[in-house]
Structures are given as structure tokens and as C-alpha cells.
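Work through the exercises below with the structure beside you, and try each task before you read its solution.

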Amino acid sequence: MTLQAVYVLWLREVKRLVRARSRLIANLIQPLLILAILGFGLSYAKLPGLRLSYLDFLAPGMVIVAVALSSMTSGVSVIWDRQFGFLKEVLVAPVSRLSIVVGKALGGSTVATLQGLAILAVSVLLGVQINILGLLPGLTFILLTSIFAVGLGLIIASKVNDFEGFGLIMNLLVFPLILLSTAFFPLESAPNWMKGVIYLDPLTYAVDGLRGAIVGGSAMPLTLDLTILSGLCALTMLLGAYLFGKCEI
Amino acid sequence: MTKIFNGGLVAIDRVSFNVEEGEIFGFLGPNGAGKTTTVKILSTLLRPTSGMAKVCGYDVVKQPDKVRRSIGIVFQEPALDDRLTGRENLDFHARMYGMNRRQRERRIKEVLELVGLTDRADDLVKNYSGGMKRRLELARGLMHSPKVLFLDEPTLGLDAQSRRAIWDYVLRMNREEGVTIFLTTHYLEEAEFLAKKVAIIDKGKIIALDTPSGLKDLMGRDVITLSCTKPQVLVEALKGEGWVKDVKLFDSSHLSIYVERGEGKVPKVVKLAEELGVEVASISLRKPTLEDVFIHLTGKAPRDEEGGKVGWWPPWRRRA
């Protein structure tokens, strides 16, 4: 692995994402709108397993949604690089494919993590009570989520070659993943058959872990969330790197 | 080397050639002839199905990293990040090739000057014109001082003026940096203008390889071009004449007649046409160009598009 190459790929990723300011803001507005509207609109909601105010319950979920969407977009941007030819410039350089994947993942997760923290900050302003001591473990969950999602984006990008296919994947895969992640309702209030599906959703462990860390009230032990999410993270990154290494142009 | 794609398409078929250090080598052929496939194999982006290739002494399959370090490439389609500035694109490239800060700063300045982009270096690439993007890519290809620079259709889609400018830069790079240049093109005058040696490739096979003048000597003949009525009749008659080396009919009304010492043959052709009752609309005599060699070798029939003017451009040329 070449450190300078990792660094410059990271730098490019961050520069590109920061320069696409409108998308950066759009990525923040959506989860914040959901948080404010549902958080206050459902403030009297009573659900089995809901031990917090709905706003407090929803906040970690929206952070994860923002982080996952932003990271996935950056992983998937390989499609754009391929379409606009830049991928060739990267692949022909004397740099290992692993460095390329790591640089891209770090760049995407840097921006995603900052976005997640921005949502967290706004939610504190909205009145969410967060546990300061939980910030560090919380940050770990945010980082893992973003790396997982970049890897997932890379996998999608290696299989999908056009923008239309990408839209389809976002609607058929990502949207259900978000809805099922227990970001919106507690695990306990779902019927049993649905619980099975929820356990299969990687984002469940991200949402549950972050919730446990910063506002409390997680459905599973944090160590379990952490272990499963780390494993999934490693899996998608390795698979993403492998598929990316094989891609021809 | 040979490359067969999944699905059985034979992109290049037992292609073999040698490029001397420091020369500009032209790889000439119509679209789909296998030029880009050859470049991709030589630049390690594709593996050959069989055979082998060495670049700067390194095997493209076994030592891809060493090959990548020794070469620079300008791809057929633009490969710039248009959300970065020109300078940032060059800096990205330099870091990918492991150059340190001092080398980077010095080299960026040099290559920007070489292609005349110093003033626009800090503009976002999306605000560049097509010609400027190409120049930036040429500059980037040279950033890490490669021994060999691959240029895949460097002037495709550019207007005549930008094309001339690119040619000048290419010659300058070759002269000032001593870099070996492997150029693919389907513009015959481009190969003729730039290359010291030319390989003509068609349908995946190299059908000629020589200097431009050597290729022309290969024909050693003058070309009489004429447009007339009933060309078929004239073709048949000409084929029977001993002094006619070859006749090619293209379009429905144009002929190329290959002869020696063409000055003396023009009246003969006209006389023959009159005897046959064929009306000659126009006639011209030319010494052979690379273009004629190409048409002669590939048998591709150029067509006349603009009525009176004899169409010397093969169909694939007229797109741009």
C-alpha cells in the first residue's frame, strides 16, 4: 500500500464532496426534516420498547441514515468515475488496487462522519439529551457505518454500470434497509416475522449501537452491535476491494 | 500478441511490432481496427489472450507495476476530474506516481508551460474547452517523465486549429523531453505529419509497417483520379491495358488508376474514355500519399460526399 496515494485519493474525495455543496446540504436537510417533523409530531407516541422520548429515539437513527447515504454515494461514485473516464487515470497508476479502495473509503467516510456529527449537533439544539461519555463509542459506530456503506457502494458500483440501475438499487435496497433498521420504531414493537428481517439488516446494528452509546435504550448489548458491525464492515470492504480490483474498463 | 474478448471477438490477431527508443510511432487504422485494445494491453489495463509484449524491457503481464512507472497515457476519451482544477489534476497524478513536493512543483510548472496552460492552471477543468482539456492531458501524461508516452487518438473531435496546436506540442515533447511516443490515429495526415514510422492496422492485423516515405515507395506509382459516367465500362477497359497497374472503383462514379509516370498517362485515359463513349467530368493526377497507400492496402472505398470534390476521406474520417 502506498501512503501518498491513499492520501491523495482521500484528498480528492474530500475536495469533490465539499465542492458539491448543494448535494452536501441536501444530504443533511432530509434527515433533519424527518427528525424535526416526526420527532415533534410523534412526541406523544407510545410504542412497546420505546423507553425514550420519540425525538431522542429518532436522533441516532437519522445520524446513521445521513452517514450511510453519504458514504454509499461516495462508494458508488466509482460509476461516475468510470463514466467520465477518470477511473482509467487511477487504474493505470503504479498503485495497488487496495490503496485505491482504502483512499476512497477514508475520503468518503471522513465527509460522511462530519455530516453525521452535524446532524448530531443540530439534534442537540432541538433538545435531544445526549450522553457526553457516549460520544467516543458513538463515533466508532458512525465510522464503522460509513466504512460499511462505502464498501457496499463499491460492490454496487462494480455490478451496476449506469445511472438508471443505480436509482433502482437505491430504491429497492437502500430504502428498505433504512426503514427496517429500527431507526423509526423499536425492535420490540415489530411483529415476530419482521424481527427476523430486522436482524438481517446491517444498519440495525449501527442504529442500535449508536443509540445505546449516545442516548441509551439499545435493544441489544453494545458489544454485540460492535462485533457484528465490525464483521460486516470487514466483509463489504474486502468484497468491494476484490470486485473493484477485477473491474475492467 | 492476440486478444480475444469474451464472446469470441478477435480484437487483435497476432500483432507484432517493435518501436525504437525516442521515435514517434504511428499506429494507423480505422475505428474498430484494434488500436485502443493494443494500447490497453501495452499499458497493462488488459491482458493479452496469448503472446507477450515488453515495454521498456518490462513484461506487461508479469511486471505491470514497472511498466506503469515507465509510461504515460493520454486516453481516447477524456480522463480528467472536472471538479478539480488543472493544477490539482496534475498534482493528483504526481502524487499517484510518488513524486515529492519539490519534483511536483518544478514539474507542474514545466509541463504547464509546455502546453501553454499556465494562466488557466487554477481554473476548474469543467470550465476548459475541449482543446485545453486535451493539452492538460498531454501535460499530465508527461508529469512523471515517462520513457514512453501513449497517445490514443489525441486529436479526435478537435477542430483543425486545436489539432495543429496539439501536433506542435507532441513534436515539442518528443524533441525536448526525448520521450518515445506511441500514437494511434485514424487521421492519415496526422500519422504522416508526426510519425517516423507507421504501422497500418486493419481488422486486428498489421498490414504494413514502414516509414511514411517507405510506405509510399511501396506503391511507387502515381494516382490518376477521375469521375465519369459509366465508370464500370471504363474500369473493364482499363484493366485490359498493360500500362495500368491497378484500378479501383469507389462510389458509383469515381476511379483511382495507379500508373507509373502519370503525366503521360492522363491523355491516354481520356482518349480511351472517349472511344468508349464515357464522359469524363473531372480528372486529376497526384503523387501517392499515405492515404493512397492506406486505401490500396485496406481496399476501403472512400466515397465522394460533396459532389464535385473527389472524396478522398474514407468514411470513418468524415465524422470528426
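Two residues are in contact if their C-beta atoms, placed from the backbone, lie within 7 Å. Helices (H or I, at least four residues) and strands (E, at least two) are DSSP runs, numbered from the N terminus. Axes are lines fitted to C-alpha atoms, for helices over the stretch in contact, and angles run from 0 to 180 degrees between N-to-C directions.

The model is predicted, and local features need pLDDT of at least 70, side-chain atom pairs count only at pLDDT 80 or more, while totals for chains, interfaces and linings use all residues. Residues are numbered from 1 along each chain as its sequence is written, and chains are lettered from A and ligands numbered from 1 in the order in which they are written.

**Exercise 1.** Describe how chain B is divided into domains.

Solution. Begin with the bounds, which come from an automatic or database domain assignment: domain 1 of chain B covers 3–210 and domain 2 covers 216–317. Next, take the C-alpha centres of these two domains of chain B, which lie 36 Å apart. Finally, place this beside the whole C-alpha trace of chain B, which spans about 80 × 45 × 35 Å along its principal axes.

**Exercise 2.** Work out the strand order of the sheet in chain B that has 6 strands, and find a helix that lies across β6 and β7.

Solution. Two strands pair if DSSP finds at least two bridges between them, and following the pairs gives an open, mixed sheet in the order β6-β7-β8-β3-β9-β10 of chain B. At its edges are β6 (71–74) and β10 (205–210) of chain B, each of which pairs on one side only. Within the sheet, β3 (24–28) and β8 (180–185) of chain B run parallel and share 5 bridges, and one bridge joins B:Leu28 to B:Thr185. The helix is α5 (residues 130–142) of chain B, which runs at about 170 degrees to β6(B) as it lies across β6 and β7 (148–152).

**Exercise 3.** Do the same for the sheet in chain B that has 4 strands.

Solution. The order is β12-β13-β11-β14 in chain B, and this open sheet is antiparallel. Its edge strands are β12 (244–250) and β14 (280–286) of chain B. Strands β11 (222–228) and β13 (254–259) of chain B pair over 6 bridges in the antiparallel sense, with B:Asp222 opposite B:Val259. Helix α9 (231–239) of chain B lies across β11, β12 and β13, at about 165 degrees to β12(B).
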